[in-house]
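Me: I would like to go through this model with you and ask, for each label, what it rests on. Please set the value against the rule each time, and then conclude.

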Amino acid sequence: MKWFTDNQNVQKIINSGSKKAGLQQISLKINSCCEQNGITLNPAWIRRTENGFADTLSRTPDKIGRA
């Protein structure tokens, strides 16, 4: 699965881990979940300007649970 991100650190942490304990734990959980489910994860950095649709969605408030 290709995971496009506009954050270069996300790509590095998923691929190589992190010296920060919290981020390392998240990385390990992601990689463990992928391994258990036969998923090959390929994080890739792209410029925010090349990912406008996803960037817009990430800034849109969720409406779940609102009346």
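The exchange below takes up confidence, overall form, helices, burial and cysteines in turn.

Me: What kind of model is this, and what pLDDT does the chain average?

Reply: This is a predicted model, and the chain averages a pLDDT of 86, with 91% of the residues scoring at least 70. Confidence is highest in helix α2, at 95, and lowest in helix α3 (residues 52-58), at a mean of 71. Where pLDDT is low, the predicted coordinates should not be read in detail.

Me: Which elements does the chain contain, and how do they run from the N terminus on?

Reply: The chain has 3 helices and 2 strands, and from the N terminus on these elements run β-α-α-β-α.

Me: How does the radius of gyration of the chain stand against that of a compact globule of 67 residues?

Reply: A compact globule of 67 residues would have a radius of gyration near 11 Å, whereas the chain has 14 Å. The C-alpha atoms fill a box of roughly 35 × 30 × 25 Å along the principal axes, and 16% of the 67 residues count as buried. Among contacts with a separation of 6 or more, 66% are accounted for by residues 24 or more positions apart.

Me: What span is expected of helix α2, and what does the helix reach?

Reply: Helix α2 (residues 21-36) has 16 residues, and at 1.5 Å a residue a span of 22 Å is expected; from its first C-alpha to its last the helix reaches 22 Å, close to that expectation. After α2 comes G38, whose phi is positive, near 65 degrees.

Me: What is found at the start of helix α1, and what just after α1?

Reply: At the start of helix α1 (residues 8-16), a side-chain oxygen of N7 comes to within 2.8 Å of the backbone nitrogen of N9, and since the cut-off for a polar contact is 3.5 Å, the N7 to N9 pair falls inside that limit. Just after α1, G17 takes a positive phi of about 90 degrees.

Me: Why is T5 called buried or exposed?

Reply: T5 has a relative accessible area of 8%, and buried means under 20%, so T5 is called buried. T5 lies in strand β1 (residues 2-5), and its side chain reaches the backbone nitrogen of N7 at 3.0 Å. Leaving aside neighbours within four places in sequence, T5 is in contact with V10, Q11, A44, W45 and I46.

Me: What makes K2 count as buried or exposed?

Reply: K2, which also lies in strand β1, has a relative accessibility of 51%, and because exposed means over 50%, K2 counts as exposed. Leaving aside neighbours within four places in sequence, K2 is in contact with N42 and A44. K2 and P43 are 41 residues apart in sequence, yet their C-alpha atoms are 5.8 Å apart in space.

Me: How do you know how many disulfides there are?

Reply: The sulfur of C33 has its closest cysteine sulfur in C34, at 5.7 Å, and because a disulfide requires sulfur atoms within 2.5 Å, that distance is too far for a bond. C34 is likewise in no disulfide, and the count comes to 0 disulfides.

Me: Why do C33 and C34 carry the labels they do for accessibility?

Reply: C33 has a relative accessibility of 42%, which lies between the 20% and 50% limits, so C33 counts as partly exposed. C34 has a relative accessible area of 10%, which is under 20%, and therefore C34 is buried.

Technical notes. Residues numbered from 1 in each chain as written. Predicted model: local features only at pLDDT ≥ 70, side-chain atom pairs only at ≥ 80, totals over all residues. Heavy atoms only, no water. Buried < 20%, exposed > 50% of the residue type's maximum accessible area, 1.4 Å probe, protein only. Helix = DSSP H or I, 4+ residues; strand = E, 2+ residues; numbered from the N terminus. Polar contact = N/O pair within 3.5 Å; in protein donor to acceptor, adjacent residues only side chain to side chain. Contact = heavy atoms within 4.5 Å. Expected span 1.5 Å × (residues − 1). pLDDT = per-residue confidence, 0-100. Rg over C-alpha atoms; globule rule 2.2 N^0.38 Å.
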